[in-house]
Amino acid sequence: MYCFEKLKLNKDFRRIYGRGSSFVNPAFVTYVLKNRNKTVRMGITVSKKIGGAVERNRAKRIITAAFRECAPQIVKGHDFVFVARTRILNCKSQDIAADMLENLKAANVLNKTDE
RNA sequence: UCAGUCGGUUGGACGGCUGCGGAUAUUAAAUUAUCUGAGGAAAGUCCGGGCACCACAGGGCAGGAUAACGGCUAACCGCCGCCGAGGGCGACCUUAGGGAAAGUGCAACAGAGAUAUACCGCCGCAUUUUGCGGUAAGGGUGGAAAGGCGAGGUAAGAGCUCACCACACGAAUAGGUAACUAUUUGUGUCUGUAAACCCUAUUCGGUGCAACGCUAAGUAAGACUAUACAUUUGCCCGAUGUGUCUUGAAAAGCGGCUUGAGCCUGUAGGUAACUGCAGGUCGAGAUAGAUAGUCGUCUACAACAGAACCCGGCUUAUAGACCGAGUGAGCAU
RNA sequence: AGGGGUGUCGUCAAGCGGUAAGACAACGGAUUUUGAUUCCGUCAUUCGUAGGUUCGAAUCCUGCCACCCCUG
């Protein structure tokens, strides 16, 4: 199984927002930045704009499930932050995974040997 | 049959694949196996309590809360029963419901006058484009104008007197644990407002799991100091302790953490809230935070909504489905 | 977890038991050849919302809703 770490500290999020490159979708926003370790790290931001606790939890679950599908194709040594937007509540995780793959392709972080 | 009242239950189900938190067992470790994993409101944080700590919790003043009566409870601004008041044809619903004869304040506008009065009136005397005195029945204003109505009485009138009624207070008798209710009798007729100040009675120590304890790391510099500093609610008294403050650095992990005023069933007591006894049972414990993703079937393509130390309530949100007990009207027998 | 505050016209706001001030904006008119300036007029029908106390509530009391701030 492919495993990844989660981002927890506020300074990591700020570093990725400030120095990383961003890609926008109707459902979410992706931030990508290289890191010096050889691991894949991921963080999720869901603001109160999305809704109550139930809606925020659901948004986090959907993004986590989509990222787990995409994760095997990613080159190691990158950090990702996903910011949820309101439209994510009506989507299925398969649509989100497809959109996420497009964003990652644009960011040039996918494994070319697998394709 | 129609309309309406009250109370309660439930809050999608089944299967396949891929995944997450916790516990136990196993392995050198990664792993693997089994079991288990959100709510009736988990929400708001509005009350009360447990628990933990504080140099024990004392007094006074100030402040907050509650407010008919009896019970239940660990406790309560809670619940149950009941009384009074108000609403409804009724089932039933609502109710912060002590004190205004301890004192102070307020009552705009209108009105003559707002807690005391005399504008229009009425009556008497003097007089003549009015004055003085008596009076409060009638008029008008207002939320409120000295209880209502009739008779006697009078110059005109007035609880001034009397009968009936209404209300307040006291007493007696009957019922009730009590609040209170009913009857009789005596005295009286006093405006409203205390969710205005206030008075009376009861009650309230503080801080909150980021409490608190342990481990690791760190323990450097400066200032003040016994007439000082700190804690104990806001102030004062009293009590207690001995270093205190500022800046900088570091702020990581473990425990607390889920067996508890627990839940289920039966039974006994009680109108009920609730309590006793017997048997059974263990049903989350995360720390950027776990219940998901997806496919198939059924239906109406399911509401409000996510534990964060734990309980008892209150308040608010809630698609639909189901059950029970009363009431009114109409019709039939 | 604990504590505090605000909500009044489109905007900024005063009023804290007795007819809801004012300024800017908007609209209409006057002045002007036209515009600006200036002057006059209009504009709150649930004072965030639902109840209660009172003769009377924006104001007092209670419950909700939204927003903001403080402490750790």
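Where does glycine 51 lie in this chain? Select glycine 51 and you'll land in the loop between β4 (40-45) and α2. Keep in mind as you click around that this is a predicted model.

**Stop 1: the whole of chain A**

Zoom out and colour chain A by secondary structure. You should find 3 helices and 5 strands. Follow the chain along its sequence and the pattern reads β-α-β-β-β-α-β-α. Chain A has 115 residues, and 40% of them count as buried. Now think about who touches whom: among contacts between residues at least 6 apart in sequence, 80% join residues at least 24 apart.

**Stop 2: back to glycine 51**

Is glycine 51 buried, exposed or partly exposed? Its relative accessible area is 25%, so glycine 51 is partly exposed, since buried would need a value under 20% and exposed one over 50%. For a sense of scale, add leucine 104 to the selection and draw a distance between the two C-alpha atoms. Glycine 51 and leucine 104 are 53 residues apart in sequence and 27 Å apart in space.

**Stop 3: helix α2**

From the loop, step into α2, which covers residues 53-70. Put a ruler on its end C-alpha atoms and you'll get 26 Å, which agrees with the 26 Å that its 18 residues should span at 1.5 Å a residue. Next, show the side chains of Ala59, Ile62, Ile63, Thr64, Ala66, Phe67 and Cys70, which are buried residues of α2. Turn on the neighbours as well: what covers these buried residues includes β4, β5 and α3.

**Stop 4: alanine 66**

Stay in helix α2 and pick alanine 66. Alanine 66 has a relative accessible area of 0%, so it counts as buried. What does alanine 66 touch, leaving out residues up to four places away in sequence? Select Ser93, Ile96, Ala97 and Met100 to see those partners. Take Ile96 from that group and check the spacing: the C-alpha atoms of alanine 66 and isoleucine 96 are separated by 6.1 Å, though the two are 30 residues apart along the chain.

**Stop 5: the nonpolar cores**

Now for the inside. The largest nonpolar core has 27 residues. To find your way in, select Phe67, Phe80, Phe82, Ile96, Met100 and Leu104, the residues with the most contacts inside this core. β3 (28-34), β4, α2, β5 (78-84) and α3 each supply at least two residues of this core. The biggest giver is α2, with 6 residues. Apart from this core lies another one, of 6 residues. Ile16, Val29, Tyr31 and Val81 are among its members.

**Stop 6: two asparagines**

Which residues does asparagine 25 touch, not counting those up to four places away in sequence? Go to the loop between β2 (21-24) and β3, where asparagine 25 lies, and light up Arg85, Asp99 and Asn103, its contacts. With aspartate 99 there is a polar contact of 3.3 Å between the side chains. Asparagine 25 counts as buried, because its relative accessible area is 11%.

Hop from there to asparagine 103, found in helix α3. Asparagine 103 is buried too, at 8% relative accessibility. Besides Asn25, asparagine 103 touches Phe23, Val24, Phe28 and Thr30, again leaving out residues up to four places away in sequence.

**Stop 7: RNA strand B**

Finish by showing RNA strand B together with the protein around it. There are 12 residues around the strand, and Lys6, Arg58, Arg61, Lys92 and Ser93 come nearest. You've met Ser93 already, as a contact of alanine 66. Look at which part of the RNA faces the protein: of the strand B atoms within 4 Å of the protein, 79% belong to sugar or phosphate and the rest to bases. The elements that give two or more residues to this surface are α2 and α3 (93-107), and α2 has the largest share, 6 residues. By type, the surface near strand B divides into 3 nonpolar, 3 polar and 6 charged residues.

Two last close-ups. Pick arginine 61, where an N or O atom of the side chain is 3.1 Å from a phosphate oxygen of RNA strand B. Then pick asparagine 57, where an N or O atom of the side chain is 3.5 Å from a base nitrogen of RNA strand B.

Notes. Residues are numbered from 1 along each chain as its sequence is written. Chains are lettered from A and ligands numbered from 1 in the order in which they are written. This is a predicted model: local features need pLDDT of at least 70, side-chain atom pairs count only at pLDDT 80 or more; totals for chains, interfaces and linings use all residues. Side-chain values use heavy atoms; hydrogens and water are left out. A residue is near a molecule or strand if one of its heavy atoms lies within 4 Å of it. A polar contact is a pair of N or O atoms within 3.5 Å; within protein, one must be able to donate a hydrogen and the other to accept it, and residues adjacent in sequence count only if both atoms are side-chain atoms. Helices (H or I, at least four residues) and strands (E, at least two) are DSSP runs, numbered from the N terminus. Ala, Val, Leu, Ile, Met, Phe, Trp, Tyr, Cys and Pro count as nonpolar, Asp, Glu, Lys and Arg as charged, and the others, Gly among them, as polar. Buried means under 20% relative accessible area, exposed over 50%, partly exposed in between (1.4 Å probe, protein chains only). A nonpolar core is a set of buried Ala, Val, Leu, Ile, Met, Phe, Trp, Tyr and Cys residues joined through side-chain atoms within 4.5 Å. The expected span of a helix is 1.5 Å times one less than its number of residues. Contact means heavy atoms within 4.5 Å.
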